[in-house]
Amino acid sequence: LMNLAFAKSTKWWEKGLQPNMREIESAQDLVDSLANAGDRLVVVDFFSPGCGGCRALHPKICQFAEQNPDVLFLQVNYEEHKSMCYSLHVHVLPFFRFYRGAQGRLCSFSCTNNARGVRSKQTMF
């Protein structure tokens with residue numbers, strides 16, 4: 001019998017994933033995924049394994065994905081893809097970016113915990 005202490009524990013960002021959710025492996029993977037999405041709405045979720053806000057939002061994002069099967073949710077691990085995140089001007093986590101087909105980037109926003117509560121910064125294009 002396998003000792004459970006040695007079993008690979010599921011990382012929080014791998015829990016509750018829906019068929020329309022997946023983790024991005026590289027910058028090229030992100031480019032290809034956006035290109036292959038066609039006219040579907042794509043939500044790119046930039047997260048870090050050590051980010052408490054990212055972890056707290058994850059179950060809610062899984063719920064959104066389940067309720068919106070036509071939307072593609074892509075996860076980008078900031079720790080594994082720092083240079084790509086820098087080039088995309090992602091400096092605050094959790095950070096979300098929305099894309100749709102030929103329209104390209106629709107909007108971006110971050111949800112940041114600070115002493116005065118949650119701040120949401122939204123920029124169009």
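## A first look at the fold

Asp29 is buried, with a relative accessible area of 15%, because buried here means under 20%. The place of Asp29 is in helix H1, which spans residues 27-36. Please keep in mind that this is a predicted model.

What does the side chain of Asp29 meet in a polar contact? The partner is the side chain of Arg22, at 2.6 Å. Once residues up to four places away in sequence are set aside, Asp29 touches Arg22, Glu23 and Ile24. Arg22 therefore turns up twice for Asp29: as a residue it touches, and as a polar partner through the side chain.

### The whole chain

Let us step back to the full protein chain. It holds three helices and six strands, and from the N terminus on their order is β-α-β-α-β-α-β-β-β. The chain has 125 residues, and 39% of them count as buried. About 7,700 Å² of the protein chain is exposed, with carbon and sulfur atoms supplying 56% of that area. Taking the contacts between residues at least 6 apart in sequence, 63% join residues at least 24 apart.

### Strand S2 and its partners

A good place to look next is strand S2, residues 41-47, where seven of the seven residues are buried. In a regular strand the side chains alternate between the two faces of the sheet. For S2, both faces are covered. On one side sit Leu41, Val43, Asp45 and Phe47, and on the other Val42, Val44 and Phe46, all of them buried.

Which strands pair with S2? One is S4 (residues 95-100), which runs antiparallel to S2 and is joined to it by six bridges. In this pairing, Val43 has Phe98 of S4 as its bridge partner. Another is S3 (residues 72-77), which pairs with S2 in the parallel sense, also over six bridges. Here Phe46 stands opposite Val76 of S3. To get from S2 to S3, the chain passes through helix H2 (residues 52-67), and this β-α-β crossover is right-handed.

The two pairings can be set side by side:

| Partner of S2 | Residues | Sense | Bridges | Example pair |
|---|---|---|---|---|
| S4 | 95-100 | antiparallel | six | Val43 and Phe98 |
| S3 | 72-77 | parallel | six | Phe46 and Val76 |

### Aromatic rings

The structure holds five aromatic pairs. In one of them, the ring centres of Tyr78 and Tyr86 lie 6.3 Å apart with their planes at 85°, so this pair is edge-to-face. Phe47, on the S2 face it shares with Leu41, Val43 and Asp45, belongs to an aromatic cluster with Trp12 and Trp13.

Are Tyr78 and Tyr86 buried or exposed? Tyr78 is buried, its relative accessible area being 11%, whereas Tyr86 is partly exposed, with a value of 44%.

Where along the chain is Tyr78? This residue lies in the loop between S3 and helix H3 (82-87). Leaving aside neighbours within four places in sequence, Tyr78 is in contact with Phe47, Ser48, Cys85, Tyr86, Val90 and Leu93. Phe47, a member of the cluster with Trp12 and Trp13, is thus among the contacts of Tyr78. Finally, Tyr78 and His91 are 13 residues apart in sequence, and their C-alpha atoms are 9.3 Å apart in space.

Key: Residues are numbered from 1 along each chain as its sequence is written. This is a predicted model: local features need pLDDT of at least 70, side-chain atom pairs count only at pLDDT 80 or more; totals for chains, interfaces and linings use all residues. Side-chain values use heavy atoms; hydrogens and water are left out. Helices (H or I, at least four residues) and strands (E, at least two) are DSSP runs, numbered from the N terminus. Buried means under 20% relative accessible area, exposed over 50%, partly exposed in between (1.4 Å probe, protein chains only). Contact means heavy atoms within 4.5 Å. Accessible areas come from the Shrake-Rupley method with a 1.4 Å probe; for residues, only the protein chains shown count as cover. Two strands pair if DSSP finds at least two bridges between them. A crossover is right-handed if, with the strands pointing away from the viewer, the path from the first strand over the helix to the second runs clockwise. Rings of Phe, Tyr and Trp (its six-membered ring) pair if their centres lie within 6.5 Å; planes under 30 degrees apart count as stacked, over 60 as edge-to-face and the rest as tilted. A polar contact is a pair of N or O atoms within 3.5 Å; within protein, one must be able to donate a hydrogen and the other to accept it, and residues adjacent in sequence count only if both atoms are side-chain atoms.
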